[in-house]
Amino acid sequence: MTQIILAIESSCDETACAIVKDGKEILSNVVSSQINIHKLYGGVVPEVASRIHVENISCVICEAIEKANITMDDVDAIAFTQGPGLIGSLHVGVQAAKTISWLYNKPMIPLHHIMGHIYANNFICDMQFPLLALVVSGGHTEIVYMKDEFSFDIIGTTQDDAIGEAYDKVARVLGLGYPGGPAIDKLAKEGKKHYDLPLPKVDTLYDFSFSGLKSAVLQLIQKEEKKGNEINKADVAYAFQEVALKSLISKLMKAVENYDVKQVLLAGGVAANSRLREIITEKMKEYPNILLTIPPLWCCTDNAAMIGAAANVAIKYLKTYDLSLSAMPSKEMG
């Protein structure tokens, strides 16, 4: 039976709506980005983000419906990001979903943001369980074990900064602006092995830590400046990225060795990093019987199509929700 879902995503600074059919076919996927505004401040300003969501949400939803060439009569359910994220931003998306649900008498599917990033991979191929997902973004760094299609076991997480947050902080130190991930990825291609940075040490098997690495970059720059040496920013970017990604991949490979899985996939904004894609592709050649799935670039950044893909599965497992729902900025997965 065909299932059409109207999905809304507004967890941070992207106002997005998509119409997704059967979890695989994208009828429309509209994203209004605020990145050029937040660049002026060196990062996302929550109050500014929520105000812009209010301005954009109705237009984005109407455009998604128009591009999909459907009416609300064709929609079977309304999916939306309930959390985690910025409370003001989430609230706009949640209220929009509740309004549409009430107006057209459609069931609601509240979702965890990271579930969307993981299920974005379903647009590439059918997910094979059990699997391991490496979730990497500005707010998350996690290894998620999925025994079956709607089972989420976080076996590893960051003890401090998420890797995307570390990229942004190091980019700020280097004067590269916001967002830091693409800027460092690009600059690191011009760099070479020159500076030494310590590999983060974490006692637990699959957990991460990036705060110390960020501090090490700052100390390195201060030390070189004291000596009167000119800082080679490309070499610093190269050193930081190699150590950060080595930390990521080494932990993931331990999980691959210890868990019997059929698939490994990337998810989240940092999954767009070209060097990460190179390293994981090379490493997974050691495991030819495990499918590696790397999402296309459009799937990595926040969008509503990924929420629609997750909702197509979630609707089988979640109960019906009423209009008392609210945003959950610290929502846990599961």
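**Cores, a surface patch and a buried strand**

Trp102, Leu103, Tyr104 and Leu323 make up a nonpolar surface patch, together showing about 470 Å² of accessible area (Shrake-Rupley, 1.4 Å probe, with only the protein chains shown as cover). Patch members have over 30% relative accessible area and no salt bridge (Lys or Arg side-chain nitrogen within 4 Å of an Asp or Glu carboxyl oxygen), and nonpolar side chains are joined within 5 Å. Heads-up: this is a predicted model, where local features need pLDDT of at least 70, side-chain atom pairs need 80 or more, and totals for chains, interfaces and linings use all residues. Numbering starts from 1 along each chain as its sequence is written, and side-chain values use heavy atoms, leaving out hydrogens and water.

**Patch**
- Leu103 sits in helix α3 (residues 87-104); helices are DSSP H or I runs of at least four residues, strands E runs of at least two, numbered from the N terminus.
- Leu103 is exposed, at 53% relative accessible area (exposed is over 50%, buried under 20%, partly exposed in between; 1.4 Å probe, protein chains only).

**Cores**
- The largest nonpolar core (buried Ala, Val, Leu, Ile, Met, Phe, Trp, Tyr and Cys joined through side-chain atoms within 4.5 Å) has 51 residues, with Leu132, Phe240 and Val256 among those touching the most other members.
- α8 gives the most to this core, at 14 residues.
- Val256 touches Leu132, Val264, Met284, Tyr287 and Ile290, not counting residues up to four places away in sequence (contact: heavy atoms within 4.5 Å).

**Strand β4**
- In β4 (residues 77-83), 7 of the 7 residues are buried, so the strand is largely enclosed by the rest of the structure.
- β4 runs parallel to β5 (residues 108-112), joined by 5 bridges (pairing takes at least two DSSP bridges).
- Thr81 stands opposite Leu111 in β5.

Note on methods
Patch = residues over 30% accessible without salt bridge, like charges linked within 9 Å, V, L, I, M, F, W, Y side chains within 5 Å.
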